[in-house]
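Student: I've got a new model open on my screen and I'd like to talk through its cysteines and its greasy surface. Can you take me through it?

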Amino acid sequence: MKNLLFLALFLFFFQTSYCDVVPENTHYYEKCVKIINIDEFPDYSFIGYIKKVSGDHSTESYIINSKDCLHKGYKFNMLYIMAAKKSYLLNKNLDNINWLEDKNVLKANISIGSEGGYTDNDDPLSFLEEHYKIVKLTKTRIILYKCTELFEYSNGEPFSVKEYVYEEQSKSDVYPFKNDDRIIEIYPNAEVFHFLIALLFTIFIETLILFLLFKTKYKKLNITNKLLLITGFIASFSTLPYVWLVFPAFITSRFPYIAFSECFAILIESVIIYKLLKIDFKKALLASVVCNVISFSIGLLINWNNVYNIILNLKNS
């Protein structure tokens, strides 16, 4: 019983993804992005301006230096790179400046993604560091380009470096700040792809569990295959978008996020099962718990490399 309790607590604290099932045969890698030659422009302060997608659409601003990684918080937040003369910013509160409209502010010519991602398990990549350089400052723009990528690997391979040469950009290459609310910027293609993969896997697994339950333990209820299929699809489709896309914007700590998301999924799916299959609510609740625990556990197993690294870090700390 103690071992079972420990396993349950472990699953809650160390789940490493924002969905029930992570992309199959992939692992997560961290990324650090730096602008490495800021000190060459001593008259300017460089600002990271975060436009949040949470309910209040709040913003956040911070000073960028060449030693620290850029950050934007929640993965769907918008990050803008800005600059202004230090004399202009003197005695000003950064959070009170309208960074997107102020004519005294320079805006970066490109959009920089600061978050990590997923890669195939065949790829031993564990960490990526990207370096950007400021080429010049114009009257309205910070001209940036990616100059270096440093790759670290988990299989003992020495790190590798890839260098890039700056190419003069045309006007069409300049990032269109006026279109900053485009859906492609809020939901990047890679994130949408990972979400759809997770959704398909979750629907498949939880529907399969429903079939096993109602064809064995509850077979006397005579639930049709068609109804089980519809119920499994609706139940997963009704909860996973909230777990993946909505809750992380409001709950940033791992344990509260996982606890709330799993309780939400179990409760909502149990009501759907209860209504569609017209069975006793206790049976519906049990079915929902079994489906979510199994899909959660499979997601953990698929992402086992990250969990194993967490265990090693705990032992070494």
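Tutor: Sure, and let's start with a definition: a disulfide is a pair of cysteine sulfur atoms within 2.5 Å. Keep in mind that this is a predicted model.

Student: How far apart are the sulfur atoms of Cys32 and Cys69?

Tutor: The cut-off to beat is 2.5 Å. Cys32 and Cys69 do form a disulfide, and their sulfur atoms are apart by 1.9 Å.

Student: Which parts does the pair Cys32 and Cys69 tie together, and how many residues apart are they in sequence?

Tutor: Cys32 sits in strand β1 (residues 26-35). Cys69 is in the loop between β3 (59-63) and β4 (78-85). So the link ties together parts whose separation in sequence is 37 residues.

Student: Is Cys32 buried or exposed?

Tutor: Buried means under 20% relative accessible area. Cys32 has 3% relative accessibility, so it counts as buried.

Student: And what does Cys69 count as, with its relative accessible area of 37%?

Tutor: The in-between class runs from 20% to 50%. At 37%, Cys69 is therefore partly exposed.

Student: On to the greasy part: which helix gives the largest share of the nonpolar patch?

Tutor: The patch covers about 520 Å² and is made by Leu267, Val271, Tyr274, Phe281, Leu285, Val289 and Val293. Two elements give two or more residues to it, α6 (254-277) and α7 (281-302). The largest share, four residues, comes from α7.

Student: What is the relative accessibility of Phe281?

Tutor: Phe281 belongs to helix α7. It counts as partly exposed because its relative accessibility is 33%.

Notes:
Residues numbered from 1 in each chain as written. Predicted model: local features only at pLDDT ≥ 70, side-chain atom pairs only at ≥ 80, totals over all residues. Heavy atoms only, no water. Patch = residues over 30% accessible without salt bridge, like charges linked within 9 Å, V, L, I, M, F, W, Y side chains within 5 Å. Areas by Shrake-Rupley, 256 points an atom, 1.4 Å probe, with all protein chains shown as cover. Salt bridge = Lys/Arg side-chain N within 4 Å of Asp/Glu carboxyl O. Buried < 20%, exposed > 50% of the residue type's maximum accessible area, 1.4 Å probe, protein only.
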